[in-house]
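Trainee: I've got a new chain open and I don't know where to start. Can we walk through it together?

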Amino acid sequence: MTIRLCCSIALWLGLLLLHGNVVADHRVQAAGPQPGEQEPQSFADTVHYFRDTDGQLGFADVLARRDIAWKPARSAALNLGILSDVLWVKLDLPAVDAAAPRLFEVANHKITNLTLYIVRYPAGQPELETTFTVSDRMTVSERPYHNRNYVFPVELRPDTPTSIYLRVHNQFPMKLPLFLWSETQFRSQVEARALFQGTYFGIVIIMAIYNLSIYLFVRDKSYGTYTLFILCLAGYVLVDRGLAMEYLWPDYPGIDFQMTLVFTALGCAFAVPFTVNFLSLRQHAPRLAHGFNYLFGLWLLIALVAIIHPAIWLLFVVVLVLIPGGTSLFVVGVLMWKRGVPAAPYYTIAWAVLVAAATIYDSYLLGLLPVSIFSEYSLQAGSIIEVTLLSIGLAYRIKTLDAEKREARLITEAKSEFLATMSHEIRTPMNGILGMAELMRDTQLSQRQQAYLDTILNSGQTLLTVLNDILDFSKIEAGKLELESVPYNVRTLMDETAAIFAVKAKEKKLHYNLYIAPDVPARMSGDSVRVRQVLSNLISNAFKFTRDGSVTVRVSLIAEHLRLLVEVIDTGIGIPEAKAGTIFEKFTQADSSTNRQYGGTGLGLAISRRFIELMGGNIGVRSKPGQGSTFWFTLPLQPEDVTILALPAAVPDNQPKRPLLLISPTPELVEHLQNYLPGWGLEVQTQASLQAASIGAGTGRRPDFIMIDQHCSDFSLGRVKALLSQLGGVTGSQLILLLEIGTPRAEFESLQPTPWIEEFPLSIDRLKNHFRPQQPVPERPRQPSVETQDFSRMRVLVVDDNDVNAMVVSGFLRKLGIQPEVVKSGRDAIDLICDQACRFDLILMDCEMPEIDGYEATTRIREWEKLHDARRQSICALSAHALQTYRDKCLRAGMDDFLSKPILFDQLKCKLGQYLGR
C-alpha cells in the first residue's frame, strides 16, 4: 500500500505541475504590462504564409512580387506537418508609442534552415534592416540568443511599422509556434518550462533509481529491463525537447536526429524483454516469448545502424517497425489479461496510455493537430502516467509472486510430508515382504517355488527403487537435498558402477565396455553417491531400451573447461528430436507407450538432471530414432584435481619395452589399449583376427604377451592353441583373454600356463596390475571379514511393536547364530534396561511405537545411564522413514546409528559387524 500510495502521489504531482505549467504558459502570453514596459500588441491576425515549391525565390523576389498568394494563418502557431517545400512566413507589427526591445521566438529547435528578415517602413517603403540565418547544425553559443529554440532580438519603434519575414526549409515537421516576448516575460516563460521539465525528469529518474534498486536486491529481470526502458524513454524526451542539445552536447547539435533514432530503437528493444518477463510469457505463452526474441534483435540491429549510419530513411524504418511492434505488445497484454495473469491489467492500461499519448504527439508532429499545450506535452504526460502505472504493476507483481512462492512452498512441504508418510506406510509392509522372502530362501524349495520367490524379491526391489526415486525427487523439490563434497577415486567409481550391469549385458547378449581416457584424473571432489546414482540410472536406461548391439560407457576430460565428461552410448530404439527436450521432465518418457513396454516412472532422468545441476554440471542427450542414444553429463573439476597423475606407469621408463600382440577386431578397443600399454613398458603390435596373427607369426620378435579379444570372428580354443604353437609353444608367451561375462572358462583355464582372463567391461586398473612388477608383500595380521565373523555371542535386543517386522529381524539374527530378546514397546525396553539393568551389545530400536516411541525411550535410557554412571549401550534406530531429517532426529535423541526399512540381510549383517566385540 505504501508503494502504491507514493506512486499515486507522484502521478498526481506530475499532472498538477503540468497543469501549472499550462497556466503559466497562458499567463505569460496574456500578461499585462510589467512596470516600466508596454504590453505588445497581438500579431496573430497578421501572420501569412505561402509555399515556394521550387525554392528558387529570394527575399528581394518575395518583397517585390505582388502576385504571391499569401495565405492567412489564423494563428501565431503554424503546424503544417512534413513539407519538402520552402515555406515563407510574414507577420506585420504596428508602430508603438515608444521604443520597445522584444524577443521573437520560434519555439522549435528542430528546424533545418531558417532565415529571418526584419523590414522597416520609414517612409512607407519597405527597407531591409537586419537578417539572421540559423540552422540545426549551429551551436547554441553561435545563435543570436543563447537558447535551444530560435530566438531573435527585435526592436519595436514608434511611428514605424515593422514586418518580419521567415524563410524556412525543414526536413522535420514544419512546426512554427511564434511568440513575441519582453525580456522579463521570456525569462518567466523559460523558468516555467524549466520547472516542468525538471519535475518531469525528476519523477522519471526517481522511478528509474527505485526500480534499479529493487532489481539489485531481488534480481528480477522485469525491474532491470524496465529501468533501461525508462532511461531510454527519458533520453528520447531529452533529445526531443532540445535539452540534450542545450546541456549534453552543445557543441554537436547535429547529432540530435541520430540520438532520437538510437533512443527510440533501444527503448523499443528493452520494452520487449520487459514485456516477456513482466507478463511471464515464457510460462504462459512460450511461443510468443520466442517470437519476441526476434523483435528484440531487430530493434538492437536498428539501434546499431543508427549509431553507424543515421540516414533519413532509417526514420521510416523505425516507424514501419514501431507500429506493428507496439501493437503486438499491447495485444499480448490484452491476451494475458484475458488469461488471468495478475499484473496484465496494469501493463495493458499503462501501454494503452503510452500508445495514446504517442499517437496524439505523432498526429501533432504530422500537422493533424494544432499546436497547443496538450499536444506539445502529450508524450511527457503520458509517459509519467505510464511509468507510474507500471511501477505500481511491478510492485503488485512482486507481491503476487511472493504469495505464489509461499503457496508453492506450502504445497511442496505438504507434498513432501505426504510422500514421507506414504513412504513410511509402504516401507513397513515391504520390510515384511522382502524379509520373509529372504528368510524363505533358506528353506527347502522346489525349482518352481524358487522361481516364484525370485520374482517376489525382484519385484520388491523394483518397488523399493521407485519409492527411493520418489523420495529423492520430493527432497529436491523441497530444497532439502544436501550434497557432499569429499574426494573420491573417479576410476574406481566408474569401474564399480559399470561392473554392476555386467550380468545384465550377459542376459541381453549385448557387448558392453567401459573406456576411461588416460588423462582422466585419479581423484576429484564431489558427492560420489549421487554421481554413482546418476551413472547407474543412465546405464540402466541404456540396457532397458537396447535389444541388440552394444552399450558403451566413455569417460574423458574436457581440459579447456576443467570438466569431466561421461557418456553412455547405446544402439537402442533412440528418441525423436522433438521429444529429446522433454525426457528430463518429471514423470515423462519419450513415448507414453514405452512405460508399458519397458516399465519405469519417468522420474530417473528428472532426478539425474537435478543432481547434476546441483553439482554444477550439465546433462543432455543426442539421439535419432532407430540409431541409438548418447546420454551425457559433465561435472566441474578443481584445478588441483587435474594436476593429479591420472594413472602411474606400471613399470619404470628405463626398463626395456616388452612386446605384446593385441588381437581385436574392435578399433575403439584397440585405440583405447594403445593409449595405455606403451606407458606400461609394452611395445604393441595389433592384428584384427587370429588368422591374420597366424600369417604374421614368426616374422618378428616373439611377443611376451598375447592379448586376444573374444569378439574376433575366428575365436575358438583350437585357433588359440594353434596360434600359441606357431609363436613358440604354450610356454612361450603369456596369454591374456578378454571375454564377455558368463563365457565358460574351464576349457581356457586348462591351458598352461594358466591365461589371465579379464571380462567386459574392462577395468584398466585391474588390467594394469598384471603388468606391474611382482614385489613381495609383507604379511599383515588379517582382520576377520564379515563373512567369517562369529556373531553367536552377541546379545541383541529388538524393540518393535509390529509382529511381522520383529519376526523378520529376529529371523535374520537367528540366521547369524544370535538368539535375540524381543520386546513390543518402548516402555518394555526401558523396564528391561533401566529396572533390570540388562546389557546388550546392540539395541535395535523401532522409532514409531504407541505410548512411548523409540525417540523417547532412547532419551530416557540415556538419562538413566547418565544418572547411574552406567556404560553407554549402542542403540541403532529402525525406521520406515528414509529422509535425512529423521536420521538427524534419531541422532539428536541419543541413538548411535540408523537402518531404514525394509531391512536387508546383508545390510543388517554389515551393521552388526561394526558393533561386534565393542
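Mentor: Sure, and let's settle one term before anything else: a contact means heavy atoms within 4.5 Å. Keep in mind too that this is a predicted model.

Trainee: Okay. Among contacts between residues at least 6 apart in sequence, what percentage join residues at least 24 apart?

Mentor: Start with the contacts whose two residues are at least 6 apart in sequence. Then pick out the ones whose partners are at least 24 apart, and their share is 73%.

Trainee: How many helices and strands does the chain have?

Mentor: The chain has 918 residues, and 50% of them count as buried. Its secondary structure comes to 30 helices and 27 strands.

Trainee: Which helix gives the largest share of the largest nonpolar core?

Mentor: That core has 69 residues, with Tyr-226, Leu-279 and Trp-299 among those having the most contacts inside it. Several helices supply at least two residues each, including H3 (183-218), H8 (286-308) and H12 (378-440). The largest share, 14 residues, comes from H6.

Trainee: And how many residues are in the second, separate core?

Mentor: You can find this one through a few of its members: Met-494, Ala-542, Val-670 and Leu-762 are included. In general, nonpolar side chains tend to be buried together in soluble globular proteins. The size of this second core is 64 residues.

Trainee: Back to Leu-279. Which tyrosine does it touch, leaving out residues up to four places away in sequence?

Mentor: Leu-279 is among the residues with the most contacts inside the largest core. Its partners farther along the sequence include His-284, Val-332, Met-336 and Val-341. The tyrosine in that list is Tyr-347.

Trainee: Next, strand S23 (796-799). Which residue of S24 stands opposite Val-798?

Mentor: Both faces of S23 are covered, with Val-796 and Val-798 buried on one side and Leu-797 and Val-799 buried on the other. S23 pairs in the parallel sense with S25 (residues 842-846) over four bridges, and Val-796 stands opposite Leu-842 there. Three bridges join S23 to S24 (residues 821-823), also running parallel. The residue opposite Val-798 is Val-822.

Trainee: Is Asp-800 buried or exposed?

Mentor: Asp-800 sits in the loop between S23 and helix H26 (803-815). Apart from its sequence neighbours, it touches Asn-805, Lys-824, Asp-846 and Lys-901, among others. Its relative accessible area is 1%, and the cut-off for burial is under 20%. So Asp-800 is buried.

Trainee: How far is the backbone nitrogen of Asn-802 from a polar atom of the Asp-800 side chain?

Mentor: Look at the Asp-800 side chain and find a polar atom there, then go to the backbone nitrogen of Asn-802. The distance between the two is 2.9 Å.

Trainee: What arc do the buried residues of helix H29 fall within?

Mentor: H29 covers residues 884-893, and its buried residues are Tyr-886, Cys-890 and Ala-893. Seen down the helix axis, they line one face, because they fall within an arc of 65 degrees.

Trainee: Which residue of S27 stands opposite Leu-878?

Mentor: In S27 (residues 897-900), Asp-897 and Leu-899 point one way, Phe-898 and Ser-900 point the other, and all are buried. S27 pairs in the parallel sense with S26 (residues 875-879) over four bridges. Opposite Leu-878 stands Leu-899.

Trainee: What separates the C-alpha atoms of Leu-565 and Val-555?

Mentor: Leu-565 lies in strand S15 (residues 563-570), and Val-555 is among its contacts, as are Ile-558 and Trp-632. The two residues are ten apart along the chain. Their C-alpha atoms are separated by 5.8 Å.

Trainee: Last one: which side chain makes a polar contact with the side chain of Ser-629?

Mentor: Ser-629 is in strand S17 (residues 629-636), and it is buried, with a relative accessible area of 5%. Its contacts include Val-568, Ile-575 and Arg-622. The polar contact, at 2.8 Å, is with the side chain of Ser-623.

Definitions and conventions: Residues are numbered from 1 along each chain as its sequence is written. This is a predicted model: local features need pLDDT of at least 70, side-chain atom pairs count only at pLDDT 80 or more; totals for chains, interfaces and linings use all residues. Side-chain values use heavy atoms; hydrogens and water are left out. A nonpolar core is a set of buried Ala, Val, Leu, Ile, Met, Phe, Trp, Tyr and Cys residues joined through side-chain atoms within 4.5 Å. Buried means under 20% relative accessible area, exposed over 50%, partly exposed in between (1.4 Å probe, protein chains only). A polar contact is a pair of N or O atoms within 3.5 Å; within protein, one must be able to donate a hydrogen and the other to accept it, and residues adjacent in sequence count only if both atoms are side-chain atoms. The arc is that of the directions from the helix axis to the C-beta atoms. Two strands pair if DSSP finds at least two bridges between them.
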